[in-house]
Amino acid sequence: MNREQILHAYTRKLQQIDASRTYSDHAKRVMAAKAYKEAQGALDQLRQAEADSLATRRSQLQRRMFGHQGSADAQTVIARRDANDRAAKLDDPRVAQEALQTAQLEGDDLMAQAIAARAAQSGWGDVLGAYAGARPGFKEAAEEYNQLPDPEDWQFKFRHAGQFLAGPPSNLHDAQPHEIDRLAAVDLDAPEDAA
């Protein structure tokens, strides 16, 4: 189910509970709390799945732009780490540009990728442009990457979470979250204690 379907089903369920003449007010509150928790749980799962999908896609695009796609042998992993360590020490775009040209001339793809990743982190557009010019598909991957929101950004998280909220039922508008949790945990089918 998508967000709209979840919210529609939740609204219908609340309307059915509210319209019932069979249940007491307490039972209606319990049922509404259960419906709310169920809807919010479904929305939370959907929100998380969307954030996970974004993170996965951004990671795929980063690997396409700057790294090896697929598995690598131990020697390649060590060489990649060494290239990343050397690229991390670059602090001047001119030096990085020269190092990139050297890596490209020598066919050292791992070093070129590491320098390009360092250039992207540092905002060295000329260096990144020189790398991108020699990489088919880089520009398209970079454009898609830049259009996707960062699921780790706090502003995105705040806005995104706000899109996946179920409003509390009207008969619980004055209830605190812990009270809704308590009501949702009530078993209406359990026999009442004889007092």
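In which helix is the place of H160? H160 sits in helix α8, which covers residues 154-162. This is a predicted model. The briefing below takes up H160, then the largest pocket, then the salt bridges.

**H160 and its surroundings**

- H160 has a relative accessibility of 5%. Buried means under 20%, so H160 counts as buried.
- The side chain of H160 makes a polar contact with the side chain of E50. The distance is 2.7 Å.
- Leaving aside residues up to four places away in sequence, H160 touches R47, E50 and A51. E50 therefore appears twice here: as a residue that H160 touches and as its partner in the polar contact.

**The largest pocket**

- The volume of the largest pocket is about 180 Å³.
- Its lining includes Q62, M65 and F66. A117, A120, Q121 and L128 are also among the lining residues. F138, A142, Y145 and N146 belong to the lining too.
- Three helices each give at least two residues to this lining: α2 (25-66), α5 (109-122) and α7 (138-147).
- Which helix gives the largest share of the lining? That is α7, with four residues.
- What classes of residue line the largest pocket? Eight are nonpolar and three are polar. No charged residues take part in the lining.

**Salt bridges**

- Side chains of opposite charge can pair when their charged atoms come close.
- The model has eight salt bridges. Three of them follow, each with its own setting.

*K13 and E38*

- K13 and E38 form a salt bridge, with 3.4 Å between the closest N and O atoms.
- K13 lies in helix α1 (residues 3-19) and E38 lies in helix α2, so this pair ties together parts that are 25 residues apart in sequence.
- K13 is partly exposed, at a relative accessible area of 32%.

*D109 and R135*

- D109 and R135 meet through their side chains in a salt bridge of 3.6 Å, N to O.
- D109 belongs to helix α5, while R135 is in the loop between α6 (125-133) and α7, so the pair ties together parts 26 residues apart in sequence.
- D109 is partly exposed at 42% relative accessibility. R135 is also partly exposed, with a relative accessible area of 22%.

*E152 and K157*

- A salt bridge joins E152 and K157, whose closest N and O atoms are 3.6 Å apart.
- Is E152 buried or exposed? E152 is exposed, because its relative accessible area is 58% and exposed means over 50%.
- K157 is partly exposed, at 42%.

Definitions and conventions. Residues are numbered from 1 along each chain as its sequence is written. This is a predicted model: local features need pLDDT of at least 70, side-chain atom pairs count only at pLDDT 80 or more; totals for chains, interfaces and linings use all residues. Side-chain values use heavy atoms; hydrogens and water are left out. Buried means under 20% relative accessible area, exposed over 50%, partly exposed in between (1.4 Å probe, protein chains only). A polar contact is a pair of N or O atoms within 3.5 Å; within protein, one must be able to donate a hydrogen and the other to accept it, and residues adjacent in sequence count only if both atoms are side-chain atoms. Contact means heavy atoms within 4.5 Å. On a 1 Å grid over the protein atoms alone, a cavity is a set of points where a 1.4 Å probe fits but cannot get out, and a pocket is an open set with protein on both sides within 12 Å along at least five of seven lines; lining residues have an atom within 4 Å of a point. Grid points are joined across faces, edges and corners, and a volume is the space filled by probe spheres set on the points. Ala, Val, Leu, Ile, Met, Phe, Trp, Tyr, Cys and Pro count as nonpolar, Asp, Glu, Lys and Arg as charged, and the others, Gly among them, as polar. A salt bridge is a side-chain nitrogen of Lys or Arg within 4 Å of a carboxyl oxygen of Asp or Glu.
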